[in-house]
Amino acid sequence: MKDLFYNTSEILKFIIRRERIRQLIWILAFSLFLVALVPVFENIISTSSDMKVLIDTMKNPVMIAFIGPVFVNDYYTTGSMYANYMLLFSVLIIATMNIFLISTHTRADEEDGRLEFIQSLPIGKFSNMSAVMILAFISNLLIGVLTAIGFYIILPGEMSFLGSFVFGASLFVIGNLFAGITLFYSQITISNRTAVGLSFFTLFFFYALRAVGDMYIDVLSIVSPLGLILKTENFVNDYFYPLGIIFIEYFVIMGLAFAIGRNRDLGSGIIPQKAGRKKASPFLRSVGTFAFRLLRNPVLIWTFVILIFAGMYASVFGDLEGYIDSSEMIREMFIIDSEFSLTEQFISLLMVIMAIISTIPVLTFLHKATSEEKVQLAEEILAKPVSRYKYLGSFFVIAILMTIVFQFSTAIGFYGVGRYFLETLPSFKTFLISAMMYVPAILVMLSISVFLIGVLPRLTWLNYLYLGYIVVAVYFGKILDLPEVLAKATPFGNVIQYPMEELEFTSTWILLGIFIILSGIGFIAYRNRDLM
């Protein structure tokens, strides 16, 4: 048995060296982000004039489906409000981190042939799997500990030690569970894309199962780990049994993964590869349709996600006035103008949020060009009489089209759901114009990625960091009382906030000009550089 784990420590050092920057950024950025939000919720509580309205708003069935049930009756503490709003989203993020970490160092490395080189060295059968699981375990532990300590230090009176510990432990156990789930899928499938897809499908399935359980059938919430983790009733009762159950599930799924890994050959899996067609699909007969075929499933999934998010935000329109008036801080998040209704002011804020959310998949669609290049699949296409402009342009055009589709979906989601909660809802035209005004800003973000792909292809991840800066500067700028110039340094800070502001297209043309210039430079640089 010891031979199966031989030289695990050496493989762990190697993986840590590969991940030292990316994983350190994940750990520090995520922990600091969670801790930095504590004063925001503390301010909402301290400026609240009607706590019951805040709580009743969160008891809206759609909000329960979105973020989970409320475990208080009449009064929020900073901790209980924070856990109600943030715990579910926090575990979703850490689950995502673990899915990418495990898949990269198991099935992706196996698919790319790296594991074949590693396994030729004097190491055990389980050495690579155990090394990456140890790294995931340490990463999840650090995030949990740093977050818990940060909570307790920043607001010791309101964020109790026990509650902070349970929040950190929740991150830890969910992160490890999805590390184990991804390891399991990496052993039974034969492609990284399938392993990652199944992992995210499982995450989405558990989220949907929890939503149905929280609204209708409570037992389903217990079946779903995402629903079970909310049963800790964090900062209210702080129950420990959900943590123990999830940790047991983690060991069971990890044991299954190791058992399967012991008995399979390198490059194989339990789920057989789907047989190909005798004749190529029409989606494989040109570069453009081939790019769409690669992105087809993410496009459909993200369109559905955008519609769901917009619909869930729209569900609060009916309780909007009481919700806004319940806290001075919430009122400060809006541009208060007596000429406009609260709904119109709320639309301006929500459109920023939805535009930023929509930017994430748009960038990933474009970055698919570089991910194919990194694994030397782009070389197979570009070795044929295919223009580099056409190859990159295929992903570029899809990203542009989906920018428009996502903003249109946002308008449909807001209007389609909002009209059931508010009779005096603004017209669909208002929602559509407000959403489309953010298209140039998203296109600028797209052009930054094109520029990086052409000039610094290994640093395309910098654009995601810039998007994180945009969230802080634009969305939290008013809450944190940040200088307006920080928001103006982003494309989203220069968008007309319709219907709060009159339509004026000077900034729109400037953003489109930046988009054209950066994109042009990126395409030319991509045409002239060597493949990675």
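**Salt bridges and cores in a predicted model**

Biologist: Which side chains meet K368 or E372 in a salt bridge?

Modeller: The side chains of K368 and E372 meet each other in a salt bridge, with 3.5 Å from N to O, and I should say early that this is a predicted model.

Biologist: Where do K368 and E372 lie?

Modeller: Both belong to helix 16, which covers residues 342–374, and they are four residues apart, about one turn of the helix.

Biologist: Is K368 buried or exposed, and what about E372?

Modeller: K368 has a relative accessibility of 18% and so counts as buried, and E372, at 7%, counts as buried too.

Biologist: How many salt bridges does the count come to?

Modeller: The count comes to five salt bridges, and one of them joins the side chains of K13 and E10, at 3.5 Å from N to O.

Biologist: Where do K13 and E10 lie, then?

Modeller: They are both in helix 1, residues 8–36, where three residues, about one turn of the helix, set them apart. K13 is exposed, with a relative accessible area of 54%, whereas E10 is partly exposed at 41%.

Biologist: And which parts of the chain does the pair D218 and K231 link?

Modeller: That salt bridge, 2.8 Å from N to O, links distant parts of the chain, 13 residues apart. D218 is in helix 10 (residues 218–223), while K231 sits in the loop between helix 11 (225–230) and helix 12 (241–263). D218 counts as partly exposed because its relative accessibility is 43%, and K231 is buried, with a relative accessible area of 12%.

Biologist: Changing topic, how many residues are in the largest nonpolar core?

Modeller: The largest nonpolar core has 86 residues, and those with the most contacts inside it are Y76, Y82, F151, I174, F178 and L226. Its largest share, 15 residues, comes from helix 5, which spans residues 78–112.

Biologist: Why would such residues be buried together?

Modeller: As a general tendency, nonpolar side chains in soluble globular proteins tend to be buried together.

Biologist: Back to L226, which residues is it in contact with?

Modeller: If we leave aside its neighbours within four places in sequence, L226 is in contact with L88, V91, L92, I174, F178, L203, F206, Y207 and R210. Of these, I174 and F178 are also listed with L226 among the residues with the most contacts inside the core.

Biologist: What other core lies apart from it?

Modeller: Another core, of 66 residues, lies apart from the largest one, and L350, A435, A441 and F515 are among its residues.

How values were computed: Residues are numbered from 1 along each chain as its sequence is written. This is a predicted model: local features need pLDDT of at least 70, side-chain atom pairs count only at pLDDT 80 or more; totals for chains, interfaces and linings use all residues. Side-chain values use heavy atoms; hydrogens and water are left out. A nonpolar core is a set of buried Ala, Val, Leu, Ile, Met, Phe, Trp, Tyr and Cys residues joined through side-chain atoms within 4.5 Å. Buried means under 20% relative accessible area, exposed over 50%, partly exposed in between (1.4 Å probe, protein chains only). Helices (H or I, at least four residues) and strands (E, at least two) are DSSP runs, numbered from the N terminus. Contact means heavy atoms within 4.5 Å. A salt bridge is a side-chain nitrogen of Lys or Arg within 4 Å of a carboxyl oxygen of Asp or Glu.
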